[in-house]
Amino acid sequence: MGSFEGHMLGAMCLLIFSLYYSVMVSLALLRGQRFLKPPLPPRKKRGHKWWRLVPVEGMVKLAVSLTGIIAEFFYPPGVNRMMIVDWEDPRRPFVFYDNWYHITMYGFFMLSGVVDIVSQACQALQNVKVERAAEALAFCALVLLMACHQENKGILEARMHLLFVVPAFLVTLVLITEVWVPDQPTLWVLKTWMGLVLSNWMLQLSVMMYIPPSGQPWRAENPGDLAFLHIFFCWHLGFGAVMLAAIYGLCSLWHHRFSSQKEVPHAKYQLCPRSYSSEELEKLGTEAMLQEGGA
């Protein structure tokens, strides 16, 4: 993750998950659902087709985390950062600690994906609490690692990472709360909003550190640069709320249009069932004529 490509990988994955949850939360609120994701039926009632057993979210977590770990070890091609201690140096110093920060973070998210897969595909009954606890643990590790990820960082970059911790910490609090108090619409909205802020700020962080639009690097000694860093973060708070409101509005239009079409009684032609005999059809016709005469 110590490159533009590495930051973009994490940012885009967080953004896709946040947009996905934004649509799920919006539809759940519009439909008045009790559960954001209804619990799965027992494994024996889901059939034997593999696509019904494999959880998509768990597989995505596993694939993205594994990709990130491999990139931290071997990207760019030709490097190898699997060493933790330089044994040739008499002082035995730790090496590649920035990469090991990121590898540890990806490892906890990979653990969350493995827990999802085991809970949903291998067990007879889904264990939702364990899945939520594993996801909360991954975000706890993310907050801790990013809060301490200040070695060899300038003031500006350290401040960027600390601001990144703010929405991550709020998401962590929501996830921990949902382990014991699940399926609260207020928590759905807060978690989704902070997820959008988190992903958008990570995109902003990638651009500011590696390809600033002005062509000039941000300077920590400039008070104006530090001031606008906090201003931009506040703008991201508002932008995340606007994004969530826009997604809710689009989902509302789709939901009302779909539900109105579904409720129209004569929206489609219906074929006459062929299972009726001629006597039954004559009886139905006679009843319809009597009803019309009575009307």
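Helices here are DSSP runs of at least four residues, numbered from the N terminus, and on that basis N200 lies in helix 7. The legends below describe a predicted model.

**View 1. The overall chain is built from helices, and its fold follows an uninterrupted α pattern.** The predicted chain has 9 helices and 0 strands, which read along the sequence as α-α-α-α-α-α-α-α-α. Of the 295 residues in the chain, 37% are buried. Among contacts between residues at least 6 apart in sequence, 71% join residues that are at least 24 apart.

**View 2. The surroundings of N200 in helix 7 are shown.** N200 has a relative accessibility of 7% and therefore counts as buried, since the cut-off for that class is under 20%. When residues up to four places away in sequence are not counted, N200 touches L15, H236, F239 and M243.

**View 3. W201 is shown with the residues that it touches.** Leaving out residues up to four places away in sequence, the contacts of W201 are M160, L163, F164, L229, F232, F233 and H236. H236 is thus named among the contacts of W201 and also among those of N200.

**View 4. The largest nonpolar core comprises 36 residues.** Within this core, the residues that touch the most other members are F139, L142, F164, W201 and L229. At least two core residues come from each of helix 1 (4–31), helix 3 (56–74), helix 4 (97–122), helix 5 (128–147), helix 6 (155–180), helix 7 (185–210) and helix 8 (223–263). A second core, separate from this one, has 6 residues, including M24, V25, L36 and W188. As a general background to such views, nonpolar side chains in soluble globular proteins tend to be buried together.

**View 5. The aromatic pair of F73 and W100 is one of 7 aromatic pairs found in a search of the whole structure.** The rings of F73 and W100 lie 5.4 Å centre to centre, with 75° between the planes, and the pair is edge-to-face. Because F73 belongs to helix 3 and W100 to helix 4, the pair ties together parts that are 27 residues apart in sequence. The two partners fall into separate accessibility classes: F73, at 11% relative accessibility, counts as buried, whereas W100, at 23%, counts as partly exposed. F73 and W100 also belong, together with F74, to one aromatic cluster.

**View 6. The aromatic pair of F109 and F139 links helix 4 with helix 5.** The ring centres of F109 and F139 are 5.3 Å apart and the ring planes stand at 80°, so the pair is edge-to-face, the class that requires an angle over 60 degrees. F109 in helix 4 and F139 in helix 5 are 30 residues apart, and their pair links distant parts of the chain. Both rings belong to residues that count as buried, with relative accessibilities of 18% for F109 and 8% for F139. F139 is also one of the residues that touch the most other members of the largest nonpolar core.

**View 7. Helix 1 is shown where it packs against helix 7.** The axes of helix 1 and helix 7 are 8 Å apart and meet at an angle of about 155°. Because angles over 145 degrees fall into that class, helix 1 is roughly antiparallel to helix 7. The crossing in which helix 1 passes helix 7 is left-handed.

Terms used: Residues numbered from 1 in each chain as written. Predicted model: local features only at pLDDT ≥ 70, side-chain atom pairs only at ≥ 80, totals over all residues. Heavy atoms only, no water. Core = buried A, V, L, I, M, F, W, Y, C linked by side-chain atoms within 4.5 Å. Buried < 20%, exposed > 50% of the residue type's maximum accessible area, 1.4 Å probe, protein only. Contact = heavy atoms within 4.5 Å. Phe/Tyr/Trp six-rings, centres within 6.5 Å; stacked < 30°, edge-to-face > 60°. Axes fitted to C-alpha atoms, helices over the stretch in contact; angles between N-to-C directions. Parallel < 35°, antiparallel > 145°, perpendicular 65-115°, else oblique. Left-handed = near helix turned anticlockwise from the far one by under 90°.
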